[in-house]
Amino acid sequence: MLNSPFHASVPEWVRTPGVIILLLSQIVINPLQQTDLTSVASRIGDERDLIQLAAGLNTVGLVTCIPIVGLFQRYFQRSRIWLFCLTVQSIIALVIVHPAPFAVVAALSFLSGSLKAICLLDAVSLLMSRVNPSGSRGVLYAIYYPISYVFSQLSTYMSALLLDQHEWYEIYYCWYPGLFLSVMIVGFMMHREKDGSAISLKEIDWLGYAFAVISGSTLAYFCIMGERLDWFSDSSISWSFFLFLLSTILFIWRRWDHPKPYVNLNVLWQYKQIRWGISFMFLLYTVYNSAAVFSIFLMQNFHNDALQVAASGLWQLPSFLIAIPLTGYWLHKNQRARETLAIGFFLYVFYTWFLSRISAPNVDQQQLIIAQLLRGLSYGISITSLSYFTSMNIAPKDSPSRLFYSVYTRYFLASFTTAAFFRRWLLVCQTKYYESINSRIATSPWSFTETYGKLRTVLSRRGINPDNTSAYAIHILQSKAHQESIILATTEIFTVLVGMSLLLALSSSILKVFNMHYNKSKNQHPVAELSELKHDSVFLDRKAS
């Protein structure tokens with residue numbers, strides 16, 4: 001176990017709660033990052049895409065900082081790092097609540113993501129050193145994932161609650177209570193002694209880091225702004241795609257050009273669990289990001305009430321609190337990921353099938369609760385199983401690179417690209433069905449005329465000015481056509497996802513590679529070695545909600 005960062009005079013019963021407060025303050029420090037902006041920010045208009053891009057850059061800052069966190073911890077003293085990060089986060093929260101150019105918001109969002117990575121990794125390592133000294137991955141995910149996902153979902157609801165009455169940037173006021181408590185804990189409970197061997201910051205591959213930042217930022221811009229700017233018809237989208245390809249190639253080239261590269265590419269072919277794990281993580285997020293389609297369906301079901309949409313998501317919490325700890329405990333005891341992963345994907349089959357069956361106007365609340373429970377169960381079990389499988393049997397020195405590829409695959413490649421894909425798919429399907437509805441009206445004008453006449457009569461009886469009943473009736477008919485096109489589009493998408501989820505479930509249940517850790521003779525790096533938590537940056541594996 002690591003040397004304690006606390007003063008000897010600090011009681012033991014105070015230390016663990018203090019570490020939990022540090023962890024929670026970082027989990028909720030950026031509600032926009034956890035918020036489903038498709039639903040919560042729908043009323044913000046043109047600002048929505050810019051807010052999404054700022055949130056994407058926050059993810060870029062967080063992920064690209066992972067490989068160098070351990071080096072920072074060896075160069076700087078722990079409490080000084082914390083106080084510096086907390087101070088800068090407080091300044092960011094103070095500055096960003098005031099109207100500012102988008103470039104400023106984007107830069108601050110990127111910086112806050114980087115600072116969050118530094119603090120979050122250290123907070124989880126401190127917590128695990130106290131409650132999981134053996135370094136068991138099953139215990140790690142059984143404890144950390146429920147905390148992360150539950151409080152992330154609560155942050156989403158709080159964001160929707162604030163956005164219901166306030167401007168989006170006022171969400172950053174939520175940072176202050178956690179930051180204040182964290183400063184008190186670090187300032188009064190942690191000592192100033194430095195542990196770990198000193199290094200030079202010149203040893204860090206800053207150019208490789210820069211290429212990773214450019215790659216992630218341009219991919220975020222391409223996927224988020226592409227729909228708004230009509231993809232390659234806009235020169236900025238074309239340039240962003242070109243820069244993404246170029247920076248990715250240069251990022252790979254640094255592997256052979258630097259004696260200590262930013263990340264180790266060798267781990268991709270040295271450990272087959274990493275290759276299989278990140279491949280299935282990408283496929284998992286392909287299904288998981290259909291949540292963007294589900295959010296749009298919920299928005300029309302709740303008549304564009306974003307607060308009700310966010311409240312509906314809270315029904316995932318019981319699933320997280322039950323499924324993830326049980327899955328982590330099973331993996332801790334049995335080291336078999338194939339069974340739990342198959343169960344997770346089969347639950348996705350039921351989830352997508354259920355949504356394809358209930359797609360209709362004004363869905364009953366109980367049916368939506370069942371859908372949210374299935375959604376939480378399927379994702380919680382699947383991501384816990386894949387995270388465990390990917391991180392086991394990895395040498396401690398390779399864990400930062402493993403974590404980078406894991407999170408990069410999920411939050412860069414899969415999250416950005418699949419979200420853009422589903423938005424495009426929904427738009428194409430919705431347009432197809434909307435045109436089909438209009439063509440039916442054109443071929444059956446007598447039916448339309450009859451409905452139109454009845455609407456005008458009803459509106460007249462309700463006291464609407466006869467001169468306005470025509471416009472009102474047309475608006476109602478167009479709204480109903482729009483609603484029906486969304487329902488038909490979501491039904492088609494989730495019907496296709498049923499087949500995809502079934503293929504993933506069958507594949508995961510057949511592939512024996514997911515039980516490779518059950519053969520203990522292959523575990524060249526037992527979990528006990530992972531008790532060196534400070535330099536084993538495995539702890540950022542999470543959902544962003």
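1. A nonpolar core is a set of buried Ala, Val, Leu, Ile, Met, Phe, Trp, Tyr and Cys residues joined through side-chain atoms within 4.5 Å. The largest such core in this predicted model has 140 residues. Among its members, L23 and Y379 touch the most others.

2. Which residues does L23 touch, leaving aside those up to four places away in sequence? They are L120, A123, V124, L127, Y144 and I147.

3. The protein as a whole is built with 21 helices and zero strands. It has 545 residues, and 56% of them count as buried. The exposed area is about 22,800 Å², with carbon and sulfur atoms supplying 65% of that area.

4. Contacts across the sequence deserve a separate remark. Taking contacts between residues at least 6 apart in sequence, 85% join residues at least 24 apart.

5. Helix α9 serves as an example of a single element. It covers residues 175-189, which makes 15 residues. From first C-alpha to last, α9 reaches 21 Å, close to the 21 Å expected at 1.5 Å a residue.

6. Which residues of α9 are buried? The buried ones are W175, G178, L179, S182, I185, V186 and M189. These residues lie on the same side of α9 because they cover an arc of only 140° around the axis.

7. The other side of α9 has exposed residues: P177, F180 and F188. To read these labels, note that buried means under 20% relative accessible area and exposed means over 50%. Thus α9 has W175 and L179 among its buried residues, while F180 and F188 are among the exposed residues on the other side.

Notes
Residues numbered from 1 in each chain as written. Predicted model: local features only at pLDDT ≥ 70, side-chain atom pairs only at ≥ 80, totals over all residues. Heavy atoms only, no water. Helix = DSSP H or I, 4+ residues; strand = E, 2+ residues; numbered from the N terminus. Expected span 1.5 Å × (residues − 1). Buried < 20%, exposed > 50% of the residue type's maximum accessible area, 1.4 Å probe, protein only. Arc of directions from axis to C-beta. Contact = heavy atoms within 4.5 Å. Areas by Shrake-Rupley, 256 points an atom, 1.4 Å probe, with all protein chains shown as cover.
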